Amino acid sequence: MAPAPAAEAAVLRARALTKTYGSGDSAVHALSDVDLDVAQGEFVVLLGASGSGKSTLLNLLGGLDVPTSGEISFRDHSLAHAGDDALTMYRREHVGFVFQFYNLIPSLTVAENVALVTDIAADPMPVDEALGLVALMPRRQHFPSQLSGGEQQRVAIARAIAKRPQLLLCDEPTGALDYATGKLVLEVIARINQDLGTTAIVITHNAAIAAMADRVIRVADGRIAGIEKPARRLTPSELSW
Ligand code: ADP
Ligand code: MG
């Protein structure tokens, strides 16, 4: 399948990306021969059954793991052959991660949780700006246990974007949320993508997201099984929060 956007515009580029866990009879072919270009500023949604390879793909793109074979690059930096230190720098400087579980520090306030990142980033936004982007300024002095699941996830998003990453990678950010709350969280991610131009790749089962994405990529059995471009992407004003 032809990789979608022009290679010049790609911020991420994968070629024949393959990841095998284990070896011999116990080998698991998590990802096989995946070609993918992701354009600067694009909003990509990954859909697929459990075990299809979505997290493996996202982890390779985010420098959390390296492929068994194939090439992967961020701009002109190869990630496939990078050492641990280079991958750590890549993640620290360029990637914001959001996972299903929020991983907030319970003894710190909302603002302090975000400050953990802004204190060490090279060019962070002010904590309150990050909290404003997820509409949580009124809760800045609260503790995570005083927030709903959806609010906690929005804090995790604020924490991920406060360092102004090039990439926002989200692995089932709505997995622990009900449908309506999940939709709100996805709308926050879509809004950040549009307002800040952050390239976003989101794994989700929440069908509401498809209308917000530039491309929906279906993953099946470790391969890209299909790519859909929604006819018209909704603008932030059409999103409903
Ligand atoms: P998804 O995120 O789509 O549910 P994953 O990328 O997590 O899928 O997993 C793809 C396949 O790789 C699955 O069969 C899974 O069991 C396997 N897998 C994932 N991580 C590991 C690992 N660390 N060791 C062995 N097998 C793994
Ligand atoms: Mg997964």
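Biologist: What share of the contacts in the protein chain between residues at least 6 apart in sequence joins residues at least 24 apart?

Modeller: In this predicted model, 69% of such contacts in the protein chain join residues at least 24 apart. A contact here requires heavy atoms within 4.5 Å.

Biologist: What makes the radius of gyration of the protein chain agree with that of a compact globule?

Modeller: For 241 residues, a compact globule would have a radius of gyration near 18 Å, and the protein chain has 17 Å, so the two agree. Along the principal axes, the C-alpha atoms fill a box of roughly 50 × 40 × 35 Å. Of the 241 residues, 49% count as buried, and the protein chain exposes about 10700 Å², of which carbon and sulfur atoms supply 53%.

Biologist: How many helices and strands are there in the protein chain?

Modeller: The protein chain holds six helices and ten strands.

Biologist: Why is strand β8 called largely enclosed by the rest of the structure?

Modeller: Buried means under 20% relative accessible area. Five of the five residues of β8, residues 199–203, are buried, and therefore the strand is described as largely enclosed.

Biologist: How do you know that both faces of β8 are covered?

Modeller: On one side T199, I201 and I203 are buried, and on the other A200 and V202 are buried as well.

Biologist: Which strands pair with β8 in the parallel sense?

Modeller: Strand β3, residues 43–47, pairs with β8 in the parallel sense over four bridges, and strand β7, residues 167–171, does so over five bridges. Two strands count as paired if at least two bridges are found between them, so four bridges satisfy the criterion for β3 and β8, and five satisfy it for β7 and β8. Residue I201 of β8 stands opposite V44 and is also the bridge partner of L169.

Biologist: Why is A49 called exposed?

Modeller: The term exposed applies over 50% relative accessible area. A49 has 54% relative accessibility and therefore counts as exposed. This residue lies in the loop between β3 and α1.

Biologist: With which residues is A49 in contact, leaving aside its neighbours within four places in sequence?

Modeller: With that exclusion, A49 is in contact with K54 and V219. A49 and D221 are 172 residues apart in sequence, yet their C-alpha atoms are 8.6 Å apart in space.

Biologist: Why is α1 called largely enclosed by the rest of the structure?

Modeller: Six of the eight residues of α1 are buried, so the helix is largely enclosed. These buried residues are K54, T56, L57, L58, L60 and L61. Just after α1, G63 takes a positive phi of about 70°.

Biologist: What is the strand order of the open sheet of four strands, and what makes two of the strands its edges?

Modeller: The order is β2-β1-β4-β5, with antiparallel pairing. Strands β2 (28–39) and β5 (77–78) are the edge strands, as each pairs on one side only.

Biologist: How do you know that β1 and β4 pair?

Modeller: Pairing requires at least two bridges. Strand β1, residues 10–21, and strand β4, residues 69–74, are joined in the antiparallel sense over five bridges, so the criterion is met. One of the bridge partners is E71 in β4, matched with R15.

Biologist: How far apart are the mean positions of the positive and negative charges of the protein chain?

Modeller: The mean positions of the 21 positive and 27 negative charges are 4 Å apart.

Terms used: Residues numbered from 1 in each chain as written. Chains lettered and ligands numbered in written order. Predicted model: local features only at pLDDT ≥ 70, side-chain atom pairs only at ≥ 80, totals over all residues. Heavy atoms only, no water. Rg over C-alpha atoms; globule rule 2.2 N^0.38 Å. Buried < 20%, exposed > 50% of the residue type's maximum accessible area, 1.4 Å probe, protein only. Areas by Shrake-Rupley, 256 points an atom, 1.4 Å probe, with all protein chains shown as cover. Lys, Arg positive; Asp, Glu negative; His and termini not counted. Charge placed at Lys NZ, Arg CZ, Asp CG, Glu CD.
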